[in-house]
Amino acid sequence: MAERHRTRALEAALDRYWDDILASASPPGTDIDPDLAATAQRVHALDAAPGLHPAFASTLWEQLMTAQTVSPALAAESLSSLPVRPIRVSPRRFIPAHSPSMSRFAAAMLLIVLLAGSAFAALYPLRLWDHERMPLFAPLGTPTAEPELTNQRVLVDFTLTDVEPFTAEGGIAITDYPAGGSSRELAGRESPEIFYIASGSLSMSVEESPQPVRVIPPLGNGSGTPEQMLEQGAEATLKTGSVVFLPERSIVNLGNSGSDPASMIDLLWATESYSTEAGNARWMRVSVPDRQEIVPPTTITLRQSTLAADETIAGSASEAVAMSAAAVATEHRWNLRSTSGGGFRNDAEESIEIYTLQVKSGPEARADSAASTAPQAAGAIEFLWKSDGGPERLSRPYGLGIDPQGNVWVSDANNDRFQILAADGTHLETWGSEGNGEGEFEFYSPNSGFGAPYGDVAFDAAGNIYVADTGNFRVQKFAPDRSFLLAWGNEGVEDGQFMAPSSIAVGPNGVIHVSDEERADVQMFDADGRFLGTTAQAPDEGPVYMPGGIAVDGDGNVWVADYLGSRILCFSPNGELLTSWGRRGMDNGEVSSPNDVAVDAMGRIYVADDGNNRFQVFTADGQFLAKAGGMNSDDARRFSDAVGVAVGDDGAIYVTDDPSIQAFRLVLP
């Protein structure tokens, strides 16, 4: 049974109704449910407590939690006429008033059983209402009332009519700026970005913008401050409540030069939008609903209100309206939990302040025919096994490599080491430790735009081991017996230097390829660490480019998963762009934030489709073949964070999915 958060009020009610009413020596008052009061009064009139099973309370609790239907309302007739659900009974304790005869005692016991069964039958069918338990003795057949948000006020309310259609990420992301904190915000190449200054004030400079950046003053500011249209090179101070509209291809710099902290909320942005933080500023996506097709007119409304403890707000019932929420205070951001219906619940022990964001777009967000025209799978994915590592569990498994013996090496990123598994998933050993010495690793780089550790490994034909030591800004080389041979690289942007080396691959000619997300390129080295050149640089056309995982095919071509561009690119060994395919989306053949790529001996391409929580298989020219997982998949093996993929010589497919690794096989007709 899934873990649940018990409602304190309901636990107290169970205890009270058992100990103080059904089992007490005094008849109940009239301040409880009338039907239950009548039942308990009859019990006391017989001078005996009900003989329910001692585990009644815990059993009833689980039945309440798992019941699937709401019973009809109780009729007004006598409780004795209600249908009885038989239950096993045993004596708990009796409260004698006098010594009854045996015949009277037997009759009383029979009536007690009937009454207890009737009460239990009435209580049993209660179920969850929108993932929240109904009050134990609320009127049956009706859900609990929707909670009213208190202290509600509108922070943002405006309509966009002049934007081109695009796909928005959806949800709320908050950037916190301590004193001295800053960020660089890049709007998408084909989509705008809109953000709101939630607290404090920030300075803004327009680094680049083909169109003026629009600054909307706080709602109801009363000062008559007009909107500002800032050209490239302009500067402004953004006060609390200001809204900024970044046109496509715009770049602005935000900074907190004051002594008080400040915060900014992303209201609308696309996958290709990007930001980098400095000075301890921190970006956090705190609400992650489905993506939304933005078609004008689009209305954006942001509210702040108070949500009581254990209360739930419902999600939107319309596909054209996206609703998300986030706690105002940093310490409560994990207390606001999403529910399956798209709503949010406060699981804190106190009321909390929350933001609610509603984005209502045009009526035709997406053509209904899109799903019907999505390519169909030409093959199937067979599940083989799943492992959490061992004897200590994996913690953020990331990069994958397969050694000449067919063993699978997994970057145990949070622990700065590798776990090595046999092809059947059996854990063989753990290798590596944290540090910056020879044979030591640091997989977290402060230059990473996502603040996460990486680490990757590759092997050459002789069995030598190459490790992308991300946080030490270097590559380490080891002999097949794992003895240290050499290391190269340091922090920087010059040839042979690294900022955040996250993926490594070895070509058929022995050339070492290293992907660097912050440099936005792939560097090439020989087996002795000598710099050979740079390939897989940003194409002249297309979305913002961030190379993630890489793979090298039998011809020496370099395949790149473009995380921000949501596409797959292939470069020749001399850096010429050979092909680029993929588009952002959730249908078969579409990708969202692909994080890694692999190539098998037949030239098929395997993509860790991180944004869609799945992996997909394609032909070399981008034709869809098969997939496993997905956000809307009923597959029990769906992924939560599919970030790494590798393919063995035997065709086995390995995928890292925090905190585990799974193995599959492609089955084609």
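1. Starting with the second largest pocket: its lining residues split into 26 nonpolar, 9 polar and 10 charged. Keep in mind that this is a predicted model. The volume of this pocket comes out at about 1,200 Å³. Of the 45 residues lining the pocket, Ile 402, Val 552, Val 599, Val 647 and Asp 649 are the closest to its centre.

2. Where does the lining of that pocket come from? The elements giving two or more residues to the lining are β25 (397–402), β29 (456–459), β33 (501–506), β37 (547–552), β41 (594–599), β45 (642–647) and β47 (660–667).

3. One of those elements, β25, also turns up in an open sheet of 4 strands, ordered β25-β26-β27-β28 and paired antiparallel. Its edge strands are β25 and β28 (427–431), and each of them pairs on one side only. Going from one strand to the next, the twist averages 25°.

4. Inside that sheet, have a look at β26 (residues 408–412) and β27 (residues 417–421): 5 bridges join them, and they run antiparallel. Trp 409 has Ile 420 in β27 standing opposite. Trp 409 is also part of an aromatic cluster, where ring pairs link it with Phe 418, Trp 431, Phe 441, Phe 443, Phe 459, Phe 478 and Phe 484.

5. On aromatics in general, a search of the whole structure turns up 22 aromatic pairs. Take Phe 618 and Phe 624: the ring centres sit 6.3 Å apart with the planes at 75°, so this pair counts as edge-to-face, the cut-off for that label being over 60 degrees. Are these two residues buried or exposed? Phe 618 is buried at a relative accessible area of 0%, and Phe 624 is buried too, at 8%.

6. Next along the chain from Phe 624 comes Leu 625, which belongs to strand β44 (residues 624–629). Leu 625 has 11% relative accessibility and so counts as buried, given that buried means under 20%. If you want a contact to check across the chain, the C-alpha atoms of Leu 625 and Asn 588 are separated by 8.8 Å, with the two residues 37 apart along the chain.

7. How many residues of strand β20 (residues 321–327) are buried? The count is 7 of the 7, so the strand is largely enclosed by the rest of the structure. Side chains in a regular strand alternate between the two faces of the sheet. In β20, Val 321, Met 323, Ala 325 and Ala 327 point one way, while Ala 322, Ser 324 and Ala 326 point the other way, and all are buried.

8. As for the pairing of β20, 7 bridges join this strand to β23 (residues 352–360), and the two run antiparallel. Within that pairing, Ala 327 stands opposite Ile 354 in β23.

9. Last, there is an open sheet of 7 strands, and the order is worth tracing on screen: β10-β9-β12-β7-β14-β5-β16, with antiparallel pairing. Pairing on one side only are the edge strands, β10 (228–230) and β16 (282–287). The strand-to-strand twist in this sheet averages 25°. For one of its pairings, look at β7 (residues 193–199) and β14 (residues 262–268), which are joined by 5 bridges and run antiparallel. There, Ile 194 has Leu 268 in β14 as its bridge partner.

Methods
Residues numbered from 1 in each chain as written. Predicted model: local features only at pLDDT ≥ 70, side-chain atom pairs only at ≥ 80, totals over all residues. Heavy atoms only, no water. Phe/Tyr/Trp six-rings, centres within 6.5 Å; stacked < 30°, edge-to-face > 60°. Buried < 20%, exposed > 50% of the residue type's maximum accessible area, 1.4 Å probe, protein only. Pairing = 2+ DSSP bridges. 1 Å grid on protein atoms, 1.4 Å probe; cavity = no way out; pocket = protein on both sides within 12 Å on 5 of 7 lines; lining within 4 Å. Points joined across faces, edges and corners; volume = space filled by probe spheres on them. Nonpolar A, V, L, I, M, F, W, Y, C, P; charged D, E, K, R; others polar. Axes fitted to C-alpha atoms, helices over the stretch in contact; angles between N-to-C directions.
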